Amino acid sequence: MLLLCITLILSFVTFPIASQQIYDIWATTWDRAQLFTYTNLSPSPLNFVSPGAIGAADITVDDSTLLQNIDGFGASLTDSSALILNNLKNQNPDNYWAVLNMLFDPTDGADAAGLSYLRVPLGASDFSANTYSFDDVSDDTALTNFNINNAPSYLFSVINDIQSINSYLKVHILPWSPPGWMKDSGTMNGGSFLSGYTTTYANYLLKCLQGFQSHGIDVYAIGVQNEPENSNDSYPTCLITAIQEAQIGLVLRSLMDSNGFSGVRIIGYEHNWDDAAGYPVQLMQQAPSAFAGVSFHCYAGNVTEQDDFHNAFPDKEIYFTECTGEYGSDWWSDIKWYIDNIFVGSVEHSSMNGLMWNLALDGNGDPKLPGTTSCGTPCRPVVTVNSDGSYSYNQEFYVMAQASKAILPRDSGGPFGQSIGVSVGGTLNWALRVTAFVTGRVNPTDWLRYSLLVMNWDDEPNGSWDPTPVQTTIEFRGMQATYTFPVGVTTLWCACLVNLHGPSHQLTKYDIKDSNILRLRLEKRVREHAGDGEVAWQRVGQQTGTQVWRIEQFAVKEWPQTRFGCFYDGDSYIVLHTYKKTPEAQELSYDLHFWLGEDTTQDEAGTAAYKTVELDDHLGGTPVQYREVQSYESPRFLSYFPRFVCLRGGVATGFHHVSSPPPENTRRLYQISAIHLTGHSAHSSHLQVREVAAEGSSLIQGHVYVLDLGSKIWQFNTRKSVGKERYKAAEFVQSLVNERHTQCATAVYDELWGGSGKVPICSRIDSVPDIERVEAKSELALFRLSDATGTVVFNSLHACTLNPFT
């Protein structure tokens, strides 16, 4: 979180914030003294100042040069990787979730890599238990026997678990071979594709998309064939010419557009750099309308050859989708190669992502397909999982974690980073490999985030081993900062103010994302009501714990402990967390937050900001201040409350305690979320309840909802919702029943396939623990939830055999 600093000078409230500051640093050093180690420079950030002499190296960031958007970094979830992770889940669930969270949690500021791109083989690869496709019945051109569940069930369950952690996850699927009966070899291992099956194979790939969708996985991209210039008779491979792939792509594109997959990319080639000017160029010449772009692997050629394709088709996308390390290689040498060629190098040459090969394997690089000659020297995964349930992260993890931190969204639901111009000068310009990104904001007036991914590989400055830090100046927008980069990989975050906006006196509703909130009229009214002595601060911060206050008519009112974790979107709050940095510490430390609801008034928000600074002064200036905005709360803030509830209303409009007996005409709809707060409090499985408009348009696929009708409480599980959120929703329903001390009828419903925003219900679940259950009936029932009349209506329809959408 950016610290919001307010200073009172000559009766004017102003915001003396440097326009460019570096607060956050992650580092992985050559000697492993730091391994993806985070440093927060608050309260003394690196400020950009007027330029002086340049350092030994001089980085110049040019944010006027906007390049490609970055989709994320990640690896391939092969059958073997999924099996290894599934076994860990069964053996040690805590370790399983710890690994997945460390790999995939994208939460801003979380102690995690936030990997967001997953490549998944369609059918068997060289890392599968056996050879299979989704239709192994010879000459089944109608694909009658197609079955997506030929893939092991744990493949889909692991993907679903990753999705529950990372909602941004992009899944890229492609086959290592068509079914053997579509090839001249009659087997998936080696051989060439037979053009007579072009339409059949395109339909096969369409069914793969539909099959993944049936498992709750919306595919981001699909490929026609992995490494189409490779044939190996020891594992699934296939030779497909550029003309054949173009023909398949054209048919597939038409089928996808006609069957609801128009937004899914087709990515071509998927092979090595060395033929970048050949196969992929021919592919685009033949079928430019079918393919969004191409992807490359690292096993032959040079990363600069990506330019051969880019120069021929500058409007087409470039991806980098496979490279593997091998057990036994040098740790630091590998990191240098990966940064130079993939996570800086490939991005420099127009790539939108960067992926490694296997996500997880054991310490021997197993399990592999029996009999395969692939990975003669055992391939090393991103994370090694041992048979005893222990695990370790490899060099592939650390380079991707450093790169991923540079491009993850700053806001929930916000954009990923975009590559921008950067160059390195100075006498030691060769010592640094650098790439730069800008991350936009949900609200365009908020501070932008600029990130630098920097490798210092000056480890032999005089021809002999001597790792040497490089004192570097960073030039940005006519200003300069100085930082000394250790030998290793460093990620820096720079916050940059876009502009300041003047007040709008006609508005009574405050734009919660605008930091320029205090001006003459407001400051005068705040001072008039604040007074010199604040009663609320008299016994504050004297012992560890959390204290909460709400702003009510310019006054600070203590929020009762029984309501901790409950906030109203029309209000502003101040939260103080008092703690000891170590159990032995004598001094107390403070984290001081002010929280702004999306419908809070300008006066309330200004008072909260002003009073936060007043409390900071009262505590001797020692607290670290944080500004919290509804729906964008920091993990640190959420960690104070085992249950975070955000309700509609506030002090200005009156509010109704959610657990009190409600009026008969009550209609409240709550969205339920369960998140992991990695690295913070013990509340690792954290419940969030946010009240939304009781309308059909509020229902979003993948969430769980509770509809409170006063005497009736209904839980709705949408199709893609996960068990963790369903369980938390049940806990919330139970708490409503327990706290009201009145009789409530409760029921839990699951969504059927289909939908498009409404929730057709075709089954009742009566397994929610300790909740009054509706008596089960022998016949299934069908219900429709609709707001077509202007209000939410829940009606019983016909039997489940009928079409729920008629």
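In this predicted model, Ser76 stands opposite Arg119, a residue of strand β8. The surrounding ladder is formed by strand β7, which covers residues 72-76, and strand β8, which covers residues 117-122, and the two pair in the parallel sense over 3 bridges.

These two strands belong to an open sheet of 8 strands with parallel pairing, whose order reads β13-β12-β11-β10-β9-β8-β7-β15. The sheet ends at β13 (317-322) and at β15 (353-358), edge strands that each pair on one side only, and from one strand to the next the twist averages 30°.

From the sheet one can turn to the nonpolar interior, where the largest nonpolar core holds 117 residues, and where Leu77, Leu103, Phe104, Phe212, Phe343 and Phe397 are the members that touch the most other members. Helix α4, spanning residues 198-214, gives the most to this core, with 8 residues, while at least three residues are drawn from each of domain 1 (20-68 + 416-496) and domain 2 (71-406).

Leu77 links this account of the core back to strand β8: when residues up to four places away in sequence are not counted, Leu77 touches Leu118, Arg119, Val120 and Pro121, among others. The contacts of Leu77 also include Ala82, Leu85, Leu155, Val158, Ile159 and Leu359, and Arg119 is thus named both here and as the residue that Ser76 stands opposite.

Apart from this core there is a second, separate core of 29 residues, which includes Trp559, Tyr568, Leu687 and Val733.

Notes: Residues numbered from 1 in each chain as written. Predicted model: local features only at pLDDT ≥ 70, side-chain atom pairs only at ≥ 80, totals over all residues. Heavy atoms only, no water. Pairing = 2+ DSSP bridges. Helix = DSSP H or I, 4+ residues; strand = E, 2+ residues; numbered from the N terminus. Axes fitted to C-alpha atoms, helices over the stretch in contact; angles between N-to-C directions. Core = buried A, V, L, I, M, F, W, Y, C linked by side-chain atoms within 4.5 Å. Buried < 20%, exposed > 50% of the residue type's maximum accessible area, 1.4 Å probe, protein only. Domains from an automatic or database assignment. Contact = heavy atoms within 4.5 Å.
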